[in-house]
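Subject: Structure handover and notes

Dear colleague,

I am passing the structure on to you with this message, and I would be glad if you could open it before reading further. My notes come after it.

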Amino acid sequence: MKKTFKSKRDHEDVLIKKLIQGDPKSFEHVVEEYHNIMLSVARAIVGESIADEVVQDAWISAIKALPKFEGRSSLKTWLLQIVSNGAKSRVRRENRYVPLEPENNPNQRDSFDERGHWANPQNQWEDNTPEAILANEDLKQIIEESYQSLPALQRATLTMIDVEDMKLEQVCNILDISASNARVLLHRARVAIHQNIDEYQGKKDD
Amino acid sequence: MINCKEVSEDASNYIDGNLPLMKRLSIKLHIFICVRCRQYIEQLSSTATAVAAVKPKEKTSSDAQAIAQELLEKCKKTKSEH
């Protein structure tokens, strides 16, 4: 365990040195690795229209600040803090209002009756393991599209927790939300995607 | 006794191990008996795992290579200005 951690740190140290030297392959690698999650976070905080700009600024700040990076956190967390801080100050500076996300996702059917029993249960899934889902190209597409249709804050939360495997505390810090809020957002995001997969599985039976 | 609606609302917390012991046991007992809830939790869990593996991307028109190149140029430009 310890060895793995050390190698990851070493790997990051090497990457950072190369970035400071201006190695193009390293720039490409680091953008490929982290641009998506940075964009996700920016969109959640400042909305879509200026998110690209905010992320651009964050990248530039980060590259400039790289020589001072002490490695107390991972590179990913450090980058996300830069984006988050940049996004939050844009919000303050411009008094930007990002509309509150709807309570429930639209199209969320009422699955339960007044007694809390299943009224409209999910289908049986032919592809009912992660492996089966991943082997199905239609489903991978459905996941990708459902993800992209999620409200920005749900999407960012899902990305950070399920895709990027980040700790809840970091997520709350970066997105400026409470732990219970984060858990609700994560759940809603998963449910939305589940629902689309379920619809597909239902049609498959027909 | 918890009902199916309550189980579904706590499904993610259950999957992620974020529940106090008694709640966790209540759900465990419920899904032992209730096939639909057991199925729902399995499906939700598979969904979360599949999402993690698919690693879906934000919808964007720009690609990593172009961004990296632009970034590199901007940084070189800044360096030469000092």
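What follows is an account of what was found, going from the overall fold to the pocket, the cavity, the salt bridges and a few single residues.

Please keep in mind throughout that this is a predicted model, and that every value below is computed from it.

Beginning with chain A, the assignment gives nine helices and zero strands, and the order of elements from the N terminus is accordingly α-α-α-α-α-α-α-α-α. Of its 206 residues, 49% count as buried, while the area that chain A exposes comes to about 11,300 Å², with carbon and sulfur atoms supplying 48% of that area. If one takes the contacts in chain A between residues at least 6 apart in sequence, 66% of these contacts join residues that are at least 24 apart.

The largest pocket encloses about 750 Å³ of space. Its lining consists of 24 residues, and those closest to the centre of the pocket are Lys8(A), Glu12(A), Ser74(A), Lys76(A) and Glu164(A). Two or more lining residues come from each of the helices α1 (2–21), α2 (24–46) and α4 (75–94) of chain A, and it is α1(A) that gives the most, with six residues.

Closed space is a separate matter, and here the structure holds one cavity of 30 Å³ or more. The volume of the largest cavity is about 40 Å³, and its lining is made by Leu19(A), Val30(A), Trp59(A), Ala62(A), Ile63(A), Leu66(A), Leu75(A), Trp78(A) and Leu79(A). Helices α3 (48–65) and α4 of chain A each supply at least two residues of this lining, so that α4 of chain A is named for the largest cavity as well as for the largest pocket.

Turning to charged pairs, the count over all chains comes to 15 salt bridges. Which residues are linked in a network of salt bridges together with Arg43(A)? They are Glu48(A), Arg155(A) and Glu58(B). Within this network, the side chains of Glu48(A) and Arg43(A) meet at 3.9 Å, N to O, and Arg43(A) also forms a salt bridge with Glu58(B), where the closest N and O atoms are 2.8 Å apart. Because Arg43(A) lies in helix α2 of chain A, whereas Glu58(B) lies in the loop between α4 (35–54) and α5 (64–81) of chain B, this pair joins two chains. Arg43(A) and Glu58(B) are both buried, the relative accessible area of Arg43(A) being 6%, which is under the 20% limit for that class. Glu48(A), by contrast, counts as exposed at 55% relative accessibility, since the limit for that class is over 50%.

A further salt bridge is found in chain B, where the side chains of Asp10(B) and Lys23(B) meet at 2.8 Å, N to O. Asp10(B) belongs to the loop between α1 and α2 (11–15) of chain B and Lys23(B) to helix α3 of chain B, so the pair ties together parts that are 13 residues apart in sequence. Asp10(B) is buried, with a relative accessible area of 12%, whereas Lys23(B) is partly exposed at 38%.

Two more places in chain B may be worth looking at on your screen. Met1(B), Leu29(B), Phe32(B) and Ile33(B) make a nonpolar surface patch of about 560 Å²; of these, Phe32(B) sits in helix α3 (residues 21–33) of chain B and is exposed, with a relative accessible area of 68%. Glu9(B), which is found in helix α1 (residues 4–9) of chain B, counts as partly exposed at 47% relative accessibility. The C-alpha atom of Glu9(B) is separated by 27 Å from that of Glu58(B), a residue 49 places away along the chain.

Finally, is Thr157(A) buried or exposed? Its relative accessibility is 0%, so Thr157(A) counts as buried. Thr157(A) lies in helix α7 (residues 152–163) of chain A and, leaving out residues up to four places away in sequence, touches Val171(A), Leu175(A), Ile177(A), Ala182(A), Leu185(A) and Leu186(A).

With best regards

Technical notes
Residues numbered from 1 in each chain as written. Chains lettered and ligands numbered in written order. Predicted model: local features only at pLDDT ≥ 70, side-chain atom pairs only at ≥ 80, totals over all residues. Heavy atoms only, no water. Helix = DSSP H or I, 4+ residues; strand = E, 2+ residues; numbered from the N terminus. Buried < 20%, exposed > 50% of the residue type's maximum accessible area, 1.4 Å probe, protein only. Contact = heavy atoms within 4.5 Å. Areas by Shrake-Rupley, 256 points an atom, 1.4 Å probe, with all protein chains shown as cover. Patch = residues over 30% accessible without salt bridge, like charges linked within 9 Å, V, L, I, M, F, W, Y side chains within 5 Å. Salt bridge = Lys/Arg side-chain N within 4 Å of Asp/Glu carboxyl O. 1 Å grid on protein atoms, 1.4 Å probe; cavity = no way out; pocket = protein on both sides within 12 Å on 5 of 7 lines; lining within 4 Å. Points joined across faces, edges and corners; volume = space filled by probe spheres on them.
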